[in-house]
Protein chains: 4
Amino acid sequence: MDSMMMGAMSKDMMSMPGMEMMDMSIMQACMDACSACEQACTVCSTQMMSCAPACMNCADMCNTMMRAMMRMQGMTPAAMMAMLDACIAMCQVAMDECMEHADHSEVCKMCAQACQACMDACMSMKNTMMSMS
Amino acid sequence: MDSMMMGAMSKDMMSMPGMEMMDMSIMQACMDACSACEQACTVCSTQMMSCAPACMNCADMCNTMMRAMMRMQGMTPAAMMAMLDACIAMCQVAMDECMEHADHSEVCKMCAQACQACMDACMSMKNTMMSMS
Amino acid sequence: MDSMMMGAMSKDMMSMPGMEMMDMSIMQACMDACSACEQACTVCSTQMMSCAPACMNCADMCNTMMRAMMRMQGMTPAAMMAMLDACIAMCQVAMDECMEHADHSEVCKMCAQACQACMDACMSMKNTMMSMS
Amino acid sequence: MDSMMMGAMSKDMMSMPGMEMMDMSIMQACMDACSACEQACTVCSTQMMSCAPACMNCADMCNTMMRAMMRMQGMTPAAMMAMLDACIAMCQVAMDECMEHADHSEVCKMCAQACQACMDACMSMKNTMMSMS
């Protein structure tokens, strides 16, 4: 995400109850990883390989996750945790499917990496939120 | 969802491992409840009341959930469970926010009902999936 | 769309400049056709036939179109016309692709019908808007 | 978009009829501008200012536009042109609305810039496509 926009958004977010201590660099990294994963999965799903349905599901979940982090006014810690778990689970499925073709398809290999990076970023986000509560 | 399309989709889905016993009427009801909740939340969010960010998050999650049920080829039981939990949590947040305005806003009242119905349908879906495993 | 929600939304919409004369039944039919087309295209795209990328594009465009009609506060007549044209064009592409498989795939046949119905509904919406200006 | 993924995608795309001459750097810039505009509009819409419905519409249209460029297998030149026109029109509406608050809201100011950049990128994309046909 654009760093100036992130700055303006952060100021807003830090004033929400329970968000004062949020590490905004971890949140920004998570948004970016979700965005990159949505893009990789969208490209990957056009290949018509068996991973396509998982990648389409993952693209939608990552977009929904990214937007939710931009709209924390409409989230609770419990809902964030559940969304992060769903995003992690969905990335896992898409990654597993893509790994089966990673040897023949450069796109699947890159998509699996984007899924892994998104899982890691969501996990960091979860850890940060847990340490805050 | 259109019943003829649901029929064609069901035939496909029943052949997936672990889905032979799925009660398709429960899945169809869940898709329809997600679709109705996305629509209610989208309308509700235009009112510029404090529930708007929660309703936008809920609209996106419900759409992602509905599509995932239409693309079960790209789901696992674990991912489905996590997505259903996320959808239930998100509907709860939107419903709680809307209930605070239910007395002054007819739209918020209807939106809260759509969120409740979606939560119930996702819960039924979870129960069905758990009884299958 | 739920008729009670449509009623509440209509009241709101009729008070927007330029919308006093909108035939709400035509708008509701268009929203419903967009929703049905999104669903049909989402199911169709899981078949991994050559129509899949067109159907995914069409599903996204139809969802965006449907939501825009629910958020007319953030539209102008010019933007509505351009969006309707885009939705019609996208439905045409998905329908053409699906018609090539309509003989072997029941889902493609139904998807092509949903695309056609959505095109027709968008066309009616355009005609209504043109007659108002 | 990730440059390695863009490279893999470009190879695929250049083999589609009518796409041999596409300037991939212009397409990549357009995808990136759509993604940035979706993010800016999503953040902006949480401010509950009068631009919110336009920004939500714009966020959805930009996401749909970005994905369509990643799924050119399911596009025709005519549909691309219509989608680009719709995206330009929608960005114009969101920009106009945000400009009314640009003096008091830093976020609206940045959002208007993201809308303008997205319009410009879509215009370049249109020009490139027209020069190819």
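Mentor: Buried area is the accessible area that two parts lose on being put together, summed over both. The structure discussed here is a predicted model.

Trainee: How much area do chain A and chain C bury between them?

Mentor: The contact draws seven residues from chain A and seven residues from chain C. Carbon and sulfur atoms carry 80% of the buried area. The area that chain A and chain C bury between them is about 560 Å².

Trainee: Which three residues supply 71% of the area that chain A buries against chain C?

Mentor: The side of chain A that touches chain C divides into five nonpolar residues, one polar and one charged. Helix α3 (residues 52-70) of chain A gives the largest share of that side, four residues. No other three residues supply more of the area than M48(A), P53(A) and M56(A).

Trainee: How many salt bridges are there between chain A and chain C?

Mentor: A salt bridge needs a side-chain nitrogen of Lys or Arg within 4 Å of a carboxyl oxygen of Asp or Glu. Residue pairs in polar contact, both at pLDDT 80 or more, also number zero between these chains. For salt bridges between chain A and chain C, the count is zero.

Trainee: What is the area buried between chain D and chain A?

Mentor: Here the contact takes 24 residues from chain D and 24 residues from chain A. Carbon and sulfur atoms give 65% of the buried area. Between chain D and chain A, that area is about 2200 Å².

Trainee: Which residue of chain A forms a salt bridge with R67(D)?

Mentor: The rule finds four salt bridges across the interface of chain D and chain A, and eight residue pairs are in polar contact there, both at pLDDT 80 or more. In the salt bridge of R67(D), the closest N and O atoms are 2.9 Å apart. The partner of R67(D) is D60(A).

Trainee: Which helices of chain D each supply at least two residues of the side that touches chain A?

Mentor: The residues on that side of chain D divide into 13 nonpolar, six polar and five charged. The helices that each supply at least two of them are α1 (3-14), α2 (24-45), α3 (52-70) and α5 (106-132).

Trainee: What kind of axis relates chain D to chain A?

Mentor: Chain D can be laid on chain A by a turn of 180° and a shift of 0.0 Å along the axis, with an RMSD of 0.0 Å. That relation is the one given by a two-fold axis.

Trainee: In chain D, which residue has the C-alpha nearest the axis?

Mentor: Both copies use the same surface, and 100% of the contact residues of chain D recur in chain A. The C-alpha nearest the axis in chain D lies 4.1 Å from it and belongs to S35(D).

Trainee: Is N57(A) buried or exposed?

Mentor: N57(A) lies in helix α3 of chain A. Beyond four places in sequence, its contacts are M90(A), R67(B), A68(B), R71(B), G74(B) and M75(B). Its side chain reaches the backbone oxygen of G74(B) at 3.2 Å. Buried means under 20% relative accessible area; N57(A) has 0%, so N57(A) is buried.

Trainee: The backbone oxygen of which residue does the side chain of T42(C) reach?

Mentor: T42(C) is in helix α2 (residues 24-45) of chain C and counts as buried at 2% relative accessibility. Not counting residues up to four places away in sequence, T42(C) touches R67(B), M70(B), R71(B) and A59(C). At 2.7 Å, the side chain of T42(C) reaches the backbone oxygen of E38(C).

Notes. Residues are numbered from 1 along each chain as its sequence is written. Chains are lettered from A and ligands numbered from 1 in the order in which they are written. This is a predicted model: local features need pLDDT of at least 70, side-chain atom pairs count only at pLDDT 80 or more; totals for chains, interfaces and linings use all residues. Side-chain values use heavy atoms; hydrogens and water are left out. Copies are superposed by least squares on the C-alpha atoms of residues with pLDDT of at least 70 in both. Contact means heavy atoms within 4.5 Å. Buried area is the accessible area (1.4 Å probe) that two parts lose on being put together, summed over both. A polar contact is a pair of N or O atoms within 3.5 Å; within protein, one must be able to donate a hydrogen and the other to accept it, and residues adjacent in sequence count only if both atoms are side-chain atoms. Ala, Val, Leu, Ile, Met, Phe, Trp, Tyr, Cys and Pro count as nonpolar, Asp, Glu, Lys and Arg as charged, and the others, Gly among them, as polar. Buried means under 20% relative accessible area, exposed over 50%, partly exposed in between (1.4 Å probe, protein chains only).
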